[in-house]
Amino acid sequence: MRQQLEEIRKNAEAALKATNSLEELDAARVKYLGKKGELTAVLKQMGGLSAEERPIIGQVANDVREYIQNELDERISELKAAQQEAKLLTETIDVTLPGEPCEVGNRHPLSIVLDEVKEIFQGMGFDIISGPEVELDYYNFEALNIPKDHPARDTQDTFYITDNILLRTQTSPCQIRAMEERKPPLRVISPGRVYRSDAVDATHSPLFHQIEGLVVDEGITMSDLKGTLDTLAKKLYGPETKTRFRPHHFPFTEPSCEVDVSCFKCGGVGCSMCKGEGWVEILGAGMVHPKVLKNGGIDPEKYSGFAFGLGLERLVMFRFGLDDMRMLYENDVRFLEQF
Ligand code: DAH
């Protein structure tokens with residue numbers, strides 16, 4: 001029996017060495033160690049042994065099983081390693097191949113025009129600041145001389161967080177914040193998102209962008225306002241551009257005006273862009289109301305200032321000849337890749 005066992009060990013060793021795949025290896029395992037395998041068959045005959053022989057042969061049988069099992073395990077790791085090696089060889093990367101071109105995006109038309117406006121004002125010595133979009137009623141209305149019952153609130157309905165906290169309807173609250181935080185001389189623009197509860201159509205959106213401007217110093221007059229905004233118009237739309245200042249009313253400026261530029265498409269003759277007028281309105285402006293200066297902690301006896309508010313979407317639409325504002329928000333690549 002000892003010889004039989006020794007035989008099995010030798011045969012198994014040779015058979016395992018000869019295996020070339022995990023499947024063959026499994027077949028060999030069944031053949032030698034399985035329930036109906038050769039080793040089990042020999043062990044079944046142990047009943048016929050004497051009491052002295054049985055433990056000795058039992059020990060030999062166990063050694064053989066352990067030996068075969070170890071050989072098996074070793075061969076499994078060898079085969080697995082070989083498989084891995086082969087896989088790596090087929091998957092080598094040719095680092096000299098050209099890479100997949102990755103698509104580069106464009107700047108959004110709103111960003112293109114905003115960057116231009118920023119650059120124009122930075123060239124005139126303005127700082128760029130920003131304010132919160134979730135704003136206090138005080139900054140958005142009250143401090144800008146728009147008390148609770150003022151009709152101007154009707155045209156600027158918005159989304160309220162609480163009675164006193166809202167999504168700002170304009171960038172004008174940045175005027176008050178700037179005056180609180182800085183001392184004159186003050187020259188800032190503050191671009192950003194504003195909100196109104198308007199239904200979406202070709203010229204309205206509940207979210208849009210404004211650029212606020214504020215200058216406060218000793219001796220600031222309406223001519224400073226005109227010079228600054230005339231420079232803006234010429235830089236944006238070309239040196240031939242004319243500006244027109246029309247009287248208007250805003251609660252936070254006195255006097256107030258709206259500013260038109262000569263139509264940059266037809267040069268002022270009248271076309272579809274300016275609806276035959278020859279002029280297009282681009283912003284509201286005025287001399288900062290003394291009450292507003294006071295609310296910002298600035299002495300209106302000593303200082304004066306001007307302010308203005310530009311609608312960025314309007315500028316962009318004029319600039320690129322767009323007739324529907326919704327295109328600016330829909331993220332349609334066919335539209336966006338044209339800029
Ligand atoms: N905040 C005004 C609006 O949303 C625009 C505006 C007008 C801003 C006149 C100003 C200004 O600073 O002086 O309609």
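This passage describes the ligand site of a predicted model and then its unusual backbone positions.

The ligand makes a convenient starting point. The space it takes is the largest pocket, and β5 (207-217), β8 (279-288) and β9 (304-311) are the elements that each give two or more residues to the surrounding shell. By class, that shell consists of nine polar, five nonpolar and two charged residues. Among the 16 residues around the ligand, those that come nearest are Gln-170, Ser-172, Arg-196, Gln-210 and Glu-212.

Three of these side chains can be followed atom by atom. Gln-170 places a polar side-chain atom 2.7 Å from a nitrogen atom of the ligand, and an N or O atom in the side chain of Ser-172 is 2.9 Å from a ligand nitrogen. For Arg-196, a polar side-chain atom lies 2.9 Å from an oxygen atom of the ligand. Taken alone, the ligand exposes 360 Å², of which the protein buries 91%.

The backbone also deserves a look. Most peptide bonds are trans, and most residues other than glycine have a negative phi. A cis bond joins Pro-184 and Pro-185, with omega about 5°; Pro-185 belongs to the loop between α7 (173-181) and β4 (186-195). Another cis bond runs from Glu-254 to Pro-255, with omega near -5°, and here Pro-255 is in strand β7 (residues 253-262).

Positive phi values occur at Asn-145, near 70°, and at Lys-275, near 55°. Asn-145 sits in the loop between α6 (137-140) and β3 (165-167) and is buried, because its relative accessible area of 17% is under 20%. Lys-275, in the loop between β7 and β8, is exposed, with a relative accessible area of 74%.

Terms used: Residues are numbered from 1 along each chain as its sequence is written. This is a predicted model: local features need pLDDT of at least 70, side-chain atom pairs count only at pLDDT 80 or more; totals for chains, interfaces and linings use all residues. Side-chain values use heavy atoms; hydrogens and water are left out. A residue is near a molecule or strand if one of its heavy atoms lies within 4 Å of it. A polar contact is a pair of N or O atoms within 3.5 Å; within protein, one must be able to donate a hydrogen and the other to accept it, and residues adjacent in sequence count only if both atoms are side-chain atoms. Accessible areas come from the Shrake-Rupley method with a 1.4 Å probe; for residues, only the protein chains shown count as cover. On a 1 Å grid over the protein atoms alone, a cavity is a set of points where a 1.4 Å probe fits but cannot get out, and a pocket is an open set with protein on both sides within 12 Å along at least five of seven lines; lining residues have an atom within 4 Å of a point. A molecule sits in a cavity or pocket if more than half of its atoms lie within 2 Å of its grid points. Helices (H or I, at least four residues) and strands (E, at least two) are DSSP runs, numbered from the N terminus. Ala, Val, Leu, Ile, Met, Phe, Trp, Tyr, Cys and Pro count as nonpolar, Asp, Glu, Lys and Arg as charged, and the others, Gly among them, as polar. Buried means under 20% relative accessible area, exposed over 50%, partly exposed in between (1.4 Å probe, protein chains only).
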